[in-house]
Amino acid sequence: MFKISAALKQRYPAAEAFRFGDSAASSEALLSLVRSGKKTATCSALRDIQNGEPMPTIGRRDIALNWDGTPALVIETVELVQCRFEEVTEAMALAEGEDDSLDAWRKGHGSYFKRNGGFSPDMQIIWERFILIEDLGREDDVLGHSSSLTDPAV
(Lines give C-alpha, C1' and ligand atoms only; values in the text may rest on other atoms or scores of the structure.)
Protein backbone atom coordinates (compact mmCIF):
# COMPACT_ATOMS: atom_id res chain seq x y z
CA MET A 1 0.00 0.00 0.00
CA PHE A 2 2.69 2.49 1.05
CA LYS A 3 6.37 2.05 0.47
CA ILE A 4 8.39 2.92 3.54
CA SER A 5 12.17 3.29 3.23
CA ALA A 6 14.53 0.53 4.30
CA ALA A 7 15.95 2.77 7.05
CA LEU A 8 12.53 3.34 8.60
CA LYS A 9 11.61 -0.35 8.24
CA GLN A 10 14.84 -1.24 10.00
CA ARG A 11 14.04 1.08 12.93
CA TYR A 12 10.44 -0.19 13.18
CA PRO A 13 10.39 -3.67 11.59
CA ALA A 14 6.94 -4.72 12.89
CA ALA A 15 5.25 -1.38 12.13
CA GLU A 16 2.06 -1.10 10.14
CA ALA A 17 1.46 2.08 8.13
CA PHE A 18 -1.89 3.86 8.33
CA ARG A 19 -3.58 7.24 7.88
CA PHE A 20 -5.67 9.13 10.38
CA GLY A 21 -8.98 10.46 8.98
CA ASP A 22 -10.67 10.12 5.62
CA SER A 23 -9.48 13.24 3.80
CA ALA A 24 -6.35 15.34 3.47
CA ALA A 25 -7.82 18.01 5.76
CA SER A 26 -8.90 15.60 8.50
CA SER A 27 -5.57 13.76 8.30
CA GLU A 28 -3.60 16.98 8.73
CA ALA A 29 -5.79 18.10 11.63
CA LEU A 30 -5.51 14.76 13.43
CA LEU A 31 -1.73 14.57 13.00
CA SER A 32 -1.51 18.07 14.44
CA LEU A 33 -3.55 16.97 17.48
CA VAL A 34 -1.18 14.04 18.05
CA ARG A 35 1.85 16.32 17.75
CA SER A 36 0.36 18.73 20.29
CA GLY A 37 -0.28 15.93 22.78
CA LYS A 38 -4.06 16.46 22.72
CA LYS A 39 -4.83 13.27 20.76
CA THR A 40 -3.69 10.13 22.54
CA ALA A 41 -6.29 7.68 21.24
CA THR A 42 -8.13 6.63 18.12
CA CYS A 43 -10.69 4.03 17.10
CA SER A 44 -11.57 1.82 14.15
CA ALA A 45 -14.63 -0.14 13.15
CA LEU A 46 -14.09 -3.84 13.89
CA ARG A 47 -15.50 -4.61 10.41
CA ASP A 48 -12.54 -2.78 8.85
CA ILE A 49 -10.12 -4.98 10.76
CA GLN A 50 -12.09 -8.08 9.78
CA ASN A 51 -11.83 -6.87 6.15
CA GLY A 52 -8.04 -6.64 6.15
CA GLU A 53 -7.03 -3.55 8.13
CA PRO A 54 -4.26 -4.56 10.57
CA MET A 55 -5.35 -5.17 14.14
CA PRO A 56 -3.56 -2.86 16.60
CA THR A 57 -1.33 -4.70 19.05
CA ILE A 58 -0.21 -3.47 22.45
CA GLY A 59 3.47 -2.61 22.32
CA ARG A 60 3.71 -2.41 18.53
CA ARG A 61 5.00 0.80 17.03
CA ASP A 62 3.17 1.94 13.89
CA ILE A 63 3.76 4.65 11.32
CA ALA A 64 1.07 7.30 10.85
CA LEU A 65 1.25 8.70 7.34
CA ASN A 66 0.53 12.10 5.90
CA TRP A 67 -2.31 12.02 3.39
CA ASP A 68 0.22 11.83 0.54
CA GLY A 69 1.60 8.60 1.97
CA THR A 70 4.81 9.99 3.45
CA PRO A 71 5.64 9.01 7.04
CA ALA A 72 4.58 11.58 9.65
CA LEU A 73 4.69 9.99 13.12
CA VAL A 74 5.53 6.80 14.96
CA ILE A 75 3.11 5.80 17.71
CA GLU A 76 3.08 2.90 20.15
CA THR A 77 -0.15 1.23 21.19
CA VAL A 78 -0.47 1.04 24.98
CA GLU A 79 -4.13 0.05 25.49
CA LEU A 80 -6.89 -1.60 23.45
CA VAL A 81 -10.61 -1.84 24.17
CA GLN A 82 -13.17 -3.64 22.03
CA CYS A 83 -16.68 -2.38 22.68
CA ARG A 84 -19.87 -1.21 21.01
CA PHE A 85 -19.86 2.38 19.74
CA GLU A 86 -22.52 3.28 22.32
CA GLU A 87 -20.29 1.97 25.15
CA VAL A 88 -17.50 4.49 24.55
CA THR A 89 -17.05 6.53 27.72
CA GLU A 90 -16.49 10.25 27.95
CA ALA A 91 -12.87 9.63 29.03
CA MET A 92 -12.30 7.47 25.95
CA ALA A 93 -13.89 10.06 23.66
CA LEU A 94 -11.93 12.96 25.14
CA ALA A 95 -8.64 11.05 24.77
CA GLU A 96 -9.19 11.16 21.01
CA GLY A 97 -8.66 14.93 21.29
CA GLU A 98 -11.13 15.97 18.62
CA ASP A 99 -14.15 16.96 20.68
CA ASP A 100 -14.96 18.54 24.02
CA SER A 101 -17.79 16.18 24.99
CA LEU A 102 -19.01 12.62 24.53
CA ASP A 103 -22.04 13.88 22.58
CA ALA A 104 -19.83 15.78 20.13
CA TRP A 105 -17.61 12.69 19.74
CA ARG A 106 -20.66 10.50 19.03
CA LYS A 107 -21.95 12.94 16.41
CA GLY A 108 -18.61 13.34 14.64
CA HIS A 109 -17.61 9.69 14.75
CA GLY A 110 -21.10 8.54 13.79
CA SER A 111 -20.83 10.70 10.66
CA TYR A 112 -17.32 9.37 9.97
CA PHE A 113 -18.46 5.74 10.19
CA LYS A 114 -21.53 6.48 8.00
CA ARG A 115 -19.19 7.87 5.30
CA ASN A 116 -16.86 4.89 5.62
CA GLY A 117 -18.94 1.74 5.48
CA GLY A 118 -21.97 2.30 7.69
CA PHE A 119 -22.92 3.11 11.24
CA SER A 120 -25.07 1.77 14.03
CA PRO A 121 -24.85 2.53 17.76
CA ASP A 122 -24.22 -1.15 18.50
CA MET A 123 -21.38 -1.56 15.98
CA GLN A 124 -18.18 -3.00 17.40
CA ILE A 125 -15.14 -0.74 17.50
CA ILE A 126 -11.53 -1.13 18.54
CA TRP A 127 -10.45 1.84 20.66
CA GLU A 128 -6.71 2.35 20.95
CA ARG A 129 -4.65 4.50 23.31
CA PHE A 130 -1.16 5.32 22.09
CA ILE A 131 1.91 7.35 22.88
CA LEU A 132 3.91 9.40 20.40
CA ILE A 133 7.35 7.88 19.87
CA GLU A 134 8.79 9.94 17.03
CA ASP A 135 7.73 12.90 14.91
CA LEU A 136 9.13 12.08 11.47
CA GLY A 137 8.27 15.53 10.16
CA ARG A 138 10.72 17.26 12.51
CA GLU A 139 14.35 17.22 11.47
CA ASP A 140 15.60 17.17 15.06
CA ASP A 141 13.63 13.96 15.67
CA VAL A 142 14.86 12.17 12.56
CA LEU A 143 18.48 13.25 12.93
CA GLY A 144 18.70 14.75 9.48
CA HIS A 145 17.54 11.57 7.76
CA SER A 146 14.26 13.01 6.55
CA SER A 147 15.14 12.47 2.88
CA SER A 148 15.55 8.71 3.47
CA LEU A 149 12.22 8.09 5.18
CA THR A 150 10.22 7.37 2.05
CA ASP A 151 10.94 5.80 -1.26
CA PRO A 152 10.84 8.53 -3.92
CA ALA A 153 8.97 6.17 -6.24
CA VAL A 154 5.89 6.30 -4.02
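Visitor: Hi! Which strand is Thr 77 in?
Guide: Thr 77 sits in strand 4, which covers residues 71-84. Keep in mind that we're looking at a predicted model.

Visitor: Okay. Is Thr 77 buried or exposed?
Guide: Thr 77 is buried, with a relative accessible area of just 1%.

Visitor: And which residues does Thr 77 touch, leaving out those up to four places away in sequence?
Guide: There's a run of them from Pro 56 through Thr 57, Ile 58 and Gly 59 to Arg 60, and then Glu 128, Arg 129 and Phe 130.

Visitor: Let's zoom out. How many helices and strands are in the protein chain?
Guide: The protein chain has six helices and five strands. Starting at the N terminus, the order is α-β-α-β-α-β-β-α-α-β-α.

Visitor: How much of the protein chain counts as buried?
Guide: Of its 154 residues, 37% count as buried. As for the surface, the protein chain exposes about 8100 Å², and carbon and sulfur atoms supply 50% of that.

Visitor: What share of the contacts with a separation of 6 or more comes from residues 24 or more positions apart?
Guide: In the protein chain, those residues account for 73% of such contacts. For a pair that's far apart in sequence, take Thr 70 and Gly 137: they are 67 residues apart in sequence, and their C-alpha atoms are 9.4 Å apart in space.

Visitor: Where is Thr 70 found?
Guide: Thr 70 is in the loop between strand 3 and strand 4. At 26% relative accessibility, Thr 70 counts as partly exposed.

Visitor: New topic: how many disulfides does a search of the whole structure find?
Guide: Zero. Take Cys 43: the nearest cysteine sulfur belongs to Cys 83, and that's 8.4 Å away. A disulfide needs the two sulfur atoms within 2.5 Å, so a pair at 8.4 Å doesn't count.

Visitor: Are Cys 43 and Cys 83 buried or exposed?
Guide: Cys 43 counts as buried at 12% relative accessibility, and Cys 83 is buried too, at 6%.

Visitor: What does Cys 43 touch, again skipping residues up to four places away in sequence?
Guide: Cys 43 touches Glu 96, Trp 105, His 109, Phe 113, Ile 125, Ile 126 and Trp 127.

Visitor: How many residues are in the largest nonpolar core?
Guide: That core has 15 residues, and Cys 43 is one of those with the most contacts inside it, along with Val 88, Trp 105, Phe 113, Met 123, Ile 125 and Trp 127. Strand 2, helix 4, helix 5 and strand 5 each supply at least two residues of this core. Apart from it lies another core, of ten residues, including Leu 30 and Leu 33.

Visitor: Which residues are buried in helix 2?
Guide: Ser 27, Leu 30, Leu 31, Leu 33 and Val 34 are buried there. Looking down the axis of helix 2, you'd see its buried residues fall within an arc of 155 degrees, so they line one face of the helix.

Visitor: Why might residues three or four places apart point the same way?
Guide: Because an α-helix has 3.6 residues a turn.

Visitor: What covers the buried residues of helix 2?
Guide: The cover includes strand 3, strand 4 and strand 5. On the face turned away from the buried side, helix 2 carries the exposed residues Ala 25, Glu 28 and Ser 36.

Visitor: And what comes just after helix 2?
Guide: Gly 37, which takes a positive phi of about 90 degrees.

Note on methods
Residues are numbered from 1 along each chain as its sequence is written. This is a predicted model: local features need pLDDT of at least 70, side-chain atom pairs count only at pLDDT 80 or more; totals for chains, interfaces and linings use all residues. Side-chain values use heavy atoms; hydrogens and water are left out. Buried means under 20% relative accessible area, exposed over 50%, partly exposed in between (1.4 Å probe, protein chains only). Helices (H or I, at least four residues) and strands (E, at least two) are DSSP runs, numbered from the N terminus. Contact means heavy atoms within 4.5 Å. Accessible areas come from the Shrake-Rupley method with a 1.4 Å probe; for residues, only the protein chains shown count as cover. A nonpolar core is a set of buried Ala, Val, Leu, Ile, Met, Phe, Trp, Tyr and Cys residues joined through side-chain atoms within 4.5 Å. The arc is that of the directions from the helix axis to the C-beta atoms.
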